[in-house]
Amino acid sequence: MTERRAPFWELKDLMLMVVLGVVFGFVYWVLVQAWNGLAVLMGPAGDLAQHVLLGGWLIVAPIVIAVVRRPFAGVVAEVIASVVEVIFLGSPVGPTLMIAAAIQGLGSELPFMVTRYRRFGWTVFALSGLLGAGLVFFYSAFRAGWYGQDILLLRLGMQLVSGAVLGGLLAKVVVDGLARTGVVDNFAIGPEVAGRG
């Protein structure tokens, strides 16, 4: 199935990417609070709470990609969200969060890039979350000194599952929900939505 679209970014695509980046910057800040609460609840295993929720920090990339279908939209949206977290909401991670966001966004974007932004099924979304979580794991492991730990593979496994579920499959649920409302009909996703009807 081929779809016709303008060869260049349109203003509406840029605006949506920025708006969603900002909105999810606030959502990600809420996730930090959830992470802190979960870490307390998990007691001695509290350090693993970040891996349980990590996928939540990946969700904006596949949502934006699926709606506007433009190269690097996911990377930019993740970076915008991280800027909101760091500058406006005082994320405890600090400016290095922007590097992590770019890595997450790139990982999340890769499955869509490989399909030339033409496939948006459950498998592609799951791979998006999986790769986003996987790529950023190796950066985080370096920064946090996880290499050499006995639980390194446990950390990685938890993060990959979280990425696939929260950063991939949940994003697909959100995109399908947005499509059903009609609010994204004027974007690149529109012809696909019309084809379903």
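Reader: Why are H6 and H7 called oblique to each other?

Author: In this predicted model, helix H6 (residues 122-144) and helix H7 (residues 152-181) pack at an angle of about 140°, with their axes 7 Å apart. Angles over 145 degrees would count as roughly antiparallel and those from 65 to 115 as roughly perpendicular, and because about 140° falls in neither range, H6 and H7 are oblique to each other. The crossing in which H6 passes H7 is right-handed, and by class the contact of H6 with H7 has 16 nonpolar, six polar and three charged residues.

Reader: What makes H3 oblique to H7?

Author: The axes of H3 and H7 come within 8 Å and cross at roughly 40°. Since angles under 35 degrees count as roughly parallel, and roughly perpendicular begins at 65, the value of roughly 40° makes H3 oblique to H7. This crossing, too, is right-handed. Pro62, Ile63 and Ala66 of H3 meet Gly167, Ala171, Val174, Val175 and Leu178 of H7, and by class that contact has seven nonpolar, one polar and no charged residues.

Reader: How do you know that the span of helix H1 agrees with its number of residues?

Author: Helix H1 (residues 11-41) has 31 residues, which at 1.5 Å a residue should span 45 Å, and because its end C-alpha atoms are 45 Å apart, the two values agree. Among the buried residues of H1 are Asp13, Leu16, Phe24 and Tyr28, and what covers the buried residues of H1 includes helix H2 (49-53), helix H3 (60-68) and helix H4 (73-88). Glycine 43, with a positive phi near 60°, follows H1.

Reader: What is the reach of H4, and what covers its buried residues?

Author: From its first C-alpha to its last, H4, with 16 residues, reaches 22 Å, close to the 22 Å expected at 1.5 Å a residue. Its buried residues include Ala73, Glu78, Ser82 and Glu85, and what covers the buried residues of H4 includes H1, H3 and H5. Just after H4, glycine 90 has a positive phi of about 65°.

Reader: Why does glutamine 104 count as buried or exposed?

Author: Buried means under 20% relative accessible area, and because glutamine 104 has 7% relative accessibility, it counts as buried. Glutamine 104 is placed in helix H5 (residues 96-114) and, leaving aside residues up to four places away in sequence, touches Leu54, Trp57, Leu58, Glu78, Gly132 and Val136.

Reader: How do you know whether alanine 179 counts as buried or exposed?

Author: The cut-off for buried is under 20%, and alanine 179, at 5% relative accessibility, therefore counts as buried. Alanine 179 lies in helix H7, and its C-alpha atom is separated by 34 Å from that of serine 140, 39 residues apart along the chain.

Reader: What makes phenylalanine 72 partly exposed, and what is its phi?

Author: Buried means under 20% and exposed over 50%, so phenylalanine 72, at 45% relative accessibility, counts as partly exposed. Phenylalanine 72 is in the loop between H3 and H4, and its phi is near 70°, a positive value in a residue other than glycine. Most residues other than glycine have a negative phi.

Reader: Why does tyrosine 117 count as buried or exposed?

Author: Tyrosine 117 has a relative accessibility of 7% and therefore counts as buried, the cut-off being under 20%. Tyrosine 117 is found in the loop between H5 and H6 and has a positive phi of about 60°, although it is not a glycine.

Key:
Residues are numbered from 1 along each chain as its sequence is written. This is a predicted model: local features need pLDDT of at least 70, side-chain atom pairs count only at pLDDT 80 or more; totals for chains, interfaces and linings use all residues. Side-chain values use heavy atoms; hydrogens and water are left out. Axes are lines fitted to C-alpha atoms, for helices over the stretch in contact, and angles run from 0 to 180 degrees between N-to-C directions. Helices (H or I, at least four residues) and strands (E, at least two) are DSSP runs, numbered from the N terminus. A crossing is left-handed if the near helix is turned anticlockwise from the far one by less than a right angle, and right-handed if clockwise. Ala, Val, Leu, Ile, Met, Phe, Trp, Tyr, Cys and Pro count as nonpolar, Asp, Glu, Lys and Arg as charged, and the others, Gly among them, as polar. The expected span of a helix is 1.5 Å times one less than its number of residues. Buried means under 20% relative accessible area, exposed over 50%, partly exposed in between (1.4 Å probe, protein chains only). Contact means heavy atoms within 4.5 Å.
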